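Colleague: Please take a close look at one part for me, the packing inside the fold. Add cut-offs for each term as you go.

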Amino acid sequence: MKRILLIEDEAHFAAFMEPELKHEGFSVTVARDGRSGLELALGEAWDLVLLDLMLPEMDGADVCREILKYKKTPIIMITARDSVSDRVSGLDSGADDYIPKPFAIEELLARIRVVFRRQGESADPGSLLAGGNLTLERESRIVKKAGTVIALTKREFALLEALMKNVNRVMSRETLLNTVWGYEAVVDANVVDVYIRYLRNKIDEPGSPSVIEAVRGIGYVMRR
């Protein structure tokens with residue numbers, strides 16, 4: 001189910017849009033001002049942001065620019081402004097499309113399909129990895145545990161990425177060493193054990209079995 005963030009301050013309009021989008025099979029979250037909308041947009045993974053241009057707390061164009069500094073989430077501007085200069089401003093801020101109010105829901109759905117089709121043609125299908133309560137966004141290099149961002153070093157991130165790309169596949173220490181440190185690296189294979197320990201300290205739940213399982217005499221595997 002694709003996730004849509006609707007950033008819209010007009011309560012009656014949001015009340016109309018939310019059930020319509022849910023009826024089409026989308027998961028919808030509503031934010032009522034620019035600042036809280038920006039926090040949600042940056043704090044979670046979304047498939048699309050529907051963004052009003054005129055918002056309290058923070059202007060929609062500024063919200064759009066801030067989102068795109070850190071993420072590649074597609075954005076469709078929705079606004080009562082319909083002048084050419086307003087459309088140009090919205091698109092110049094980085095929005096993928098711009099639709100003026102009032103509009104038929106069928107037109108918005110058609111525009112959403114076009115945006116998703118473009119994303120499907122250009123996006124790396126493996127850019128988001130997920131397993132258990134962990135998500136790893138390869139392009140933005142963001143790792144979240146139960147929705148909360150956790151800080152990883154470059155090596156820890158690369159090690160987790162290798163394991164999550166190969167869920168349920170046992171990876172030898174040598175394979176992990178070559179993948180994360182490179183074939184030319186002059187380091188002992190035991191460094192893998194050290195970094196697995198670092199990683200476990202950050203991603204495991206206290207008192208629960210580690211999500212990274214050691215396979216005696218071989219290496220490690222992440223179970224789904």
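Modeller: Here is the packing, starting from the whole chain and working inwards.

The model is predicted: local features need pLDDT of at least 70, side-chain atom pairs count only at pLDDT 80 or more, and totals for chains, interfaces and linings use all residues. Residues are numbered from 1 along each chain as its sequence is written, and side-chain values use heavy atoms, without hydrogens or water.

Start with the overall numbers. The protein chain has eight helices and 12 strands (DSSP runs numbered from the N terminus; helices are H or I with at least four residues, strands E with at least two). Of its 224 residues, 43% are buried (under 20% relative accessible area; exposed is over 50%, partly exposed in between; 1.4 Å probe, protein chains only). The accessible surface is about 11900 Å², and carbon and sulfur atoms hold 50% of that (Shrake-Rupley, 1.4 Å probe; for residues, only the protein chains shown count as cover). Take contacts between residues at least 6 apart in sequence: 56% of them join residues at least 24 apart (contact means heavy atoms within 4.5 Å).

Now the core. The largest nonpolar core holds 25 residues (buried Ala, Val, Leu, Ile, Met, Phe, Trp, Tyr and Cys, joined through side-chain atoms within 4.5 Å). Leu160, Leu163, Leu176, Val192, Ile203, Ile212 and Met222 have the most contacts inside it. At least two residues each come from β7 (134-137), α6 (154-165), α7 (173-180), α8 (190-203) and β12 (219-222). α6 gives the largest share, six residues. A second core is separate; its 20 residues include Ile4, Ala14, Ile78 and Phe103.

Which ring pairs are there? The whole structure has four aromatic pairs (Phe, Tyr and Trp rings, the six-membered one for Trp, with centres within 6.5 Å; planes under 30 degrees apart are stacked, over 60 edge-to-face, the rest tilted). Phe13 and Phe103 are one edge-to-face pair, with centres 5.8 Å apart and 85° between the planes. Phe13 sits in α1 (11-23) and Phe103 in the loop between β5 (97-100) and α5 (105-122), so this pair ties together parts 90 residues apart in sequence. Phe13 is buried at 12% relative accessibility, and Phe103 is buried at 15%. Trp181 and Tyr195 are edge-to-face too, because their planes meet at 75° with the centres 5.3 Å apart. Trp181 is in the loop between α7 and α8, Tyr195 in α8, 14 residues away. Trp181 is buried at 13% relative accessibility. Tyr198 joins these two through ring pairs, giving a cluster.

Val192 meets that region. Beyond its neighbours within four places in sequence, Val192 contacts Trp181, along with Arg173, Leu176, Leu177 and Tyr220.

The sheet comes next. Three strands form an open sheet in the order β10-β12-β11, paired antiparallel (strands pair if DSSP finds at least two bridges between them). β10 (171-172) and β11 (212-215) are the edge strands, each pairing on one side only. Two bridges join β10 and β12. Ser172 faces Gly219 of β12 there. α8 packs on this sheet and touches β11 and β12, with its direction about 150° from that of β11 (axes are lines fitted to C-alpha atoms, for helices over the stretch in contact; angles run from 0 to 180 degrees between N-to-C directions).

β7 has its own partner. It pairs with β6 in the antiparallel sense over four bridges. Ala130 stands opposite Thr135 of β7. The hairpin leaves two residues between the strands, and Gly132 has a positive phi near 60°. In β6 (128-131), Leu129 and Gly131 make up the covered face, Leu128 and Ala130 the uncovered one.

Two polar residues complete the tour. Thr79, in β4 (75-79), is buried at 0% relative accessibility. Not counting residues up to four places away, Thr79 touches Asp52, Leu53, Met54, Tyr98, Ile99, Pro100 and Lys101. Asp9 lies in the loop between β1 (3-7) and α1, and is partly exposed at 32%. Outside its neighbours within four places, Asp9 also contacts Asp52 and Met54, plus Arg32, Leu55 and Pro56. Asp9 and Leu51 are 42 residues apart in sequence, with 9.9 Å from C-alpha to C-alpha.
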